[in-house]
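I opened this notebook to record what I looked up in the structure. The entries follow the order in which I made the queries.

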Amino acid sequence: MHRALLTLPLGLCVLSLAACPGKAPPRVETSTSSVPPPIHVPPGCEKNLSGDYHHAQNPAFRYLGQDDGRTLSLAVVRAWADGGMESPDAGSVGIVLTRTPEGFVGETRATGFSASGTPCPVAFPTEAVACTDAGLTLRAASSTAIDEGCRPATSGPAPVRQEQVLLRGMPDAGM
């Protein structure tokens, strides 16, 4: 009987140790983080930029902006002398900018033509450099060269980037 009492506490001790959680394995750090990198955009570009715009130098060009908080899409439409406006469609020029750690960047999409007259989709790198209550200042390549296969040309001058100012709202009647 004495022997049975000695094995009972020993057995309970072993069972209680087995029930204790083991030491957690070492934590392995990975290079990918679940926290996205911070967004870097010019001051004012973090707010919603939806709305109507017109080109400061040529008010006949109007822009219809839609902003979902990450991406700003500007559909380019042309105003006619009689006050009408063409509707944007899939073939229209468009500007798409995304707020990223590298800035408020994207492209202007349009249709260009090869030397033989073949229509080709083209994209010009574009970035927002300023956003104010008055409007947006964009920097974009003003031209590009394409070959007969509608691919970017491998030779020729580098594209020149120019700033374009888009003013908020409709232009004054005197423009």
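Entry 1: surroundings of Thr126. I listed the residues that Thr126 touches, leaving out those up to four places away in sequence. The list holds Ile95, Leu97, Phe104, Val105, Gly106, Glu107, Thr108, Leu138, Arg139 and Ala140. I am working from a predicted model. Thr126 itself is part of strand 6. Is Thr126 buried or exposed? I found a relative accessibility of 3%, and because buried means under 20%, Thr126 counts as buried. I then looked for a partner of its side chain and found that the side chain of Thr126 reaches the backbone oxygen of Phe124 at 2.9 Å.

Entry 2: salt bridges around Glu127. I turned next to Glu127, which forms a salt bridge with Arg139. The closest N and O atoms of this pair are 3.2 Å apart. Arg139 sits in strand 7 and Glu127 in strand 6, so the salt bridge ties together parts that are twelve residues apart in sequence. I noted that Arg139 is also among the residues touched by Thr126.

I found a salt bridge between Glu127 and Arg161 as well, at 3.8 Å from N to O. This pair links distant parts of the chain, with Arg161 in strand 8 (residues 161–168) and Glu127 in strand 6, 34 residues apart. Which residues make up the network of salt bridges here? I recorded Glu127, Arg139, Arg161 and Glu163 as linked in it.

I checked the accessibility of three of these residues. Glu127 is partly exposed at 22% relative accessibility. Arg139 is partly exposed at 27%, and Arg161 is partly exposed at 40%.

Entry 3: Asp133 and Lys47. How far apart are the closest N and O atoms in the salt bridge of Asp133 with Lys47? I read 2.5 Å. The pair links distant parts of the chain, 86 residues apart. Asp133 belongs to the loop between strand 6 (119–131) and strand 7 (135–141), whereas Lys47 belongs to the loop between helix 1 (2–19) and strand 1 (51–55). Asp133 is exposed, with a relative accessible area of 62%. Lys47 counts as partly exposed at 32%. My count of salt bridges comes to seven.

Entry 4: the chain as a whole. I recorded one helix and eight strands, and along the sequence the pattern reads α-β-β-β-β-β-β-β-β. The chain has 175 residues, of which 26% count as buried. It exposes about 11,900 Å², and carbon and sulfur atoms supply 60% of that area. I also looked at contacts between residues at least 6 apart in sequence, and 45% of them join residues at least 24 apart.

Entry 5: confidence. The average pLDDT of the chain is 79, and 71% of the residues score at least 70. Where is confidence lowest, and where is it highest? I found the lowest mean in helix 1, at 39, and the highest in strand 4 (residues 94–100), at 96. Over residues 1–22, pLDDT stays under 50. For those residues I found zero contacts beyond four places in sequence. I add a caution that predicted coordinates should not be read in detail where pLDDT is low.

Conventions: Residues are numbered from 1 along each chain as its sequence is written. This is a predicted model: local features need pLDDT of at least 70, side-chain atom pairs count only at pLDDT 80 or more; totals for chains, interfaces and linings use all residues. Side-chain values use heavy atoms; hydrogens and water are left out. A salt bridge is a side-chain nitrogen of Lys or Arg within 4 Å of a carboxyl oxygen of Asp or Glu. Helices (H or I, at least four residues) and strands (E, at least two) are DSSP runs, numbered from the N terminus. Buried means under 20% relative accessible area, exposed over 50%, partly exposed in between (1.4 Å probe, protein chains only). Contact means heavy atoms within 4.5 Å. Accessible areas come from the Shrake-Rupley method with a 1.4 Å probe; for residues, only the protein chains shown count as cover. pLDDT is the predictor's confidence in each residue, from 0 to 100. A polar contact is a pair of N or O atoms within 3.5 Å; within protein, one must be able to donate a hydrogen and the other to accept it, and residues adjacent in sequence count only if both atoms are side-chain atoms.
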